[in-house]
Amino acid sequence: MSKSYLPVPNPTPSYWLSLEKNDSFSSYKSSEKVPERTDILIIGSGYAGSATAFQLMNDNPGLDVTLLEARTLCSGATGRNGGHLKPYFHRLYSEYEKEHGQYVAGQVVNSEFEHLYEIKNLVEKENIDCDFVLTRACDVYRDSKRVENDLIAFKKLLKNPHIKDEVKNSIQLVQGDHVANLSKVPDAKICFTYPAAHIWPWKLMTALLKKSVKKGLKLYANTPVLEVVQDAVNYKVVTPTGTIIAKKIIFCTNGYTKSILKPFEKAIIPVRGVATHIKPNSFETTPQLPNTYGLFSRAMLDSDYLINRADGGVVVGGASVLMVKSNGDDSEIFDDVDDSKVPKNVENYFQNYMNKNFTTWKDFKTVNDYIWSGIMGFSKDRFPY
């Protein structure tokens, strides 16, 4: 029996999805059965799917658009991430330039920066309550080799004439004796700070979908796509509640893409991530950190990230390196779409996380009230198709 790459039915409970039970819209279906035909079919209700539907319904009110989601709405990677809205900037710049040259690398960097403010403008224009907070990211480096590599990338970024001065000027490099004190990380060697934000992703996506439904979007939660067949003119899309004939399909399926798009079987790899919500015992005296964080050690997998929520809680993701066994077996992290489990060693790693990593949290008691996994999708060069 071949391995299934469809979403599993019993995922780990995510903090972001904790409001599902109070909102029946999470399981919304426009009708008992899917429509027989549609102009455009969107598969997936995360960032990409919800944003695409919203844009289409705003720009083309008469267009017949249908969106299908395999589980409850926004229950894939978007509902299981760290809540970060964070440009990559210097961290991957060398790869951008090496693979695609200065011009495309510049476009990517500018786009990451602009995306942050597009979300801000959207939230404000549409009056969406999604806990959006504009702040700065603090990337802390604790390994000299990683520091060296990313400093080289940062210097290359500054020399790229296609990157806006506004972007370059927004990034601050902090070095010297005060890094540990400024970052609150005792073994910090250097840190970068730059604009970032954090958000409650599920709130934003469901708000966009609700607005889209009012404008005519046909929406179906708990409706997995089992097969897509293309003929000379249309696409036949098979679901458990009927078959849809679509003129166009937009695949917003992320790590699950290979389940219905066989040519992408080796092109987009599912990757498991793990995150946790840390709840302080007392919210009145929480040692709140103003920045979001990235904590970088050696290799790409050896890094964590976190946001400090306005209510005093913290969401932390990472520990990916712990999912690679000593014999090199990486099956717990790569090419697996099962988000129903969290490896025990990763669960243990996140206990007392803030106390172990930040001086201001040293004597503060916390509880990990949620820990979950989510399935991301990565292309070979990390660029979109």
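**A walk through a predicted protein chain**

Let's start from the outside: the accessible surface of the protein chain comes to about 18200 Å², and 51% of that area belongs to carbon and sulfur atoms. Keep in mind as you look around that this is a predicted model.

Now step back and take in the whole chain. Along the principal axes, its C-alpha atoms fill a box of roughly 65 × 50 × 50 Å. How does the radius of gyration of the protein chain compare with that of a compact globule? A compact globule of 385 residues would have a radius near 21 Å, and the protein chain has 21 Å, so the two agree. Of the 385 residues, 52% are buried. The contacts tell you about the fold as well: among those with a separation of 6 or more, 77% link residues that are 24 or more positions apart. Charges are part of the picture too, with 47 positive and 44 negative ones in the protein chain. The mean positions of these two groups are 1 Å apart.

Next, the building blocks. The protein chain has eight helices and 15 strands. A good pair to find is strand S1 (residues 37-43) and strand S2 (residues 65-68). S1 and S2 pair in the parallel sense over four bridges. If you want to see one partnership up close, look for isoleucine 43, whose bridge partner in S2 is leucine 68.

Stay with S2 for a moment. In a regular strand, side chains alternate between the two faces of the sheet. Which residues of S2 lie on each side? Val65 and Leu67 are on one side, while Thr66 and Leu68 are on the other. These four residues are all buried, and both faces of S2 are covered.

From here, let's visit some single residues, beginning with serine 297. You will find serine 297 in the loop between strand S12 (292-296) and strand S13 (303-308). Is serine 297 buried or exposed? Its relative accessible area is 15%, which is under 20%, so serine 297 counts as buried. Setting aside residues up to four places away in sequence, serine 297 touches Arg142, Asp143, Arg146 and Asp302.

Isoleucine 245 sits in strand S10 (residues 242-251). Because its relative accessibility is 23%, isoleucine 245 counts as partly exposed. Apart from neighbours within four places in sequence, isoleucine 245 is in contact with several residues, including Glu36, Arg37 and Thr38, along with Asn234, Tyr235 and Lys236. For a sense of scale, try finding phenylalanine 113: from isoleucine 245 it is 132 residues away in sequence and 38 Å away in space, C-alpha to C-alpha.

Histidine 100 takes you to a helix, namely H2 (residues 93-125). With a relative accessible area of 33%, histidine 100 is partly exposed. Leaving out neighbours within four places in sequence, histidine 100 is in contact with Asp381 and Phe383.

The last stop is the backbone of two asparagines. Most residues other than glycine have a negative phi. Asparagine 222 has a positive phi, near 50 degrees, and asparagine 254 has a positive phi of about 50 degrees. Where are these residues? Asparagine 222 lies in the loop between strand S7 (218-220) and strand S8 (227-230), whereas asparagine 254 lies in the loop between S10 and strand S11 (268-280). Asparagine 222 counts as partly exposed at 36% relative accessibility, and asparagine 254 counts as partly exposed at 34%.

How values were computed:
Residues are numbered from 1 along each chain as its sequence is written. This is a predicted model: local features need pLDDT of at least 70, side-chain atom pairs count only at pLDDT 80 or more; totals for chains, interfaces and linings use all residues. Side-chain values use heavy atoms; hydrogens and water are left out. Helices (H or I, at least four residues) and strands (E, at least two) are DSSP runs, numbered from the N terminus. The radius of gyration is taken over C-alpha atoms; the globule rule is 2.2 Å times the number of residues to the power 0.38. Buried means under 20% relative accessible area, exposed over 50%, partly exposed in between (1.4 Å probe, protein chains only). Contact means heavy atoms within 4.5 Å. Accessible areas come from the Shrake-Rupley method with a 1.4 Å probe; for residues, only the protein chains shown count as cover. Lys and Arg count as positive and Asp and Glu as negative; His and the chain ends are not counted. The place of a charge is taken as NZ of Lys, CZ of Arg, CG of Asp or CD of Glu. Two strands pair if DSSP finds at least two bridges between them.
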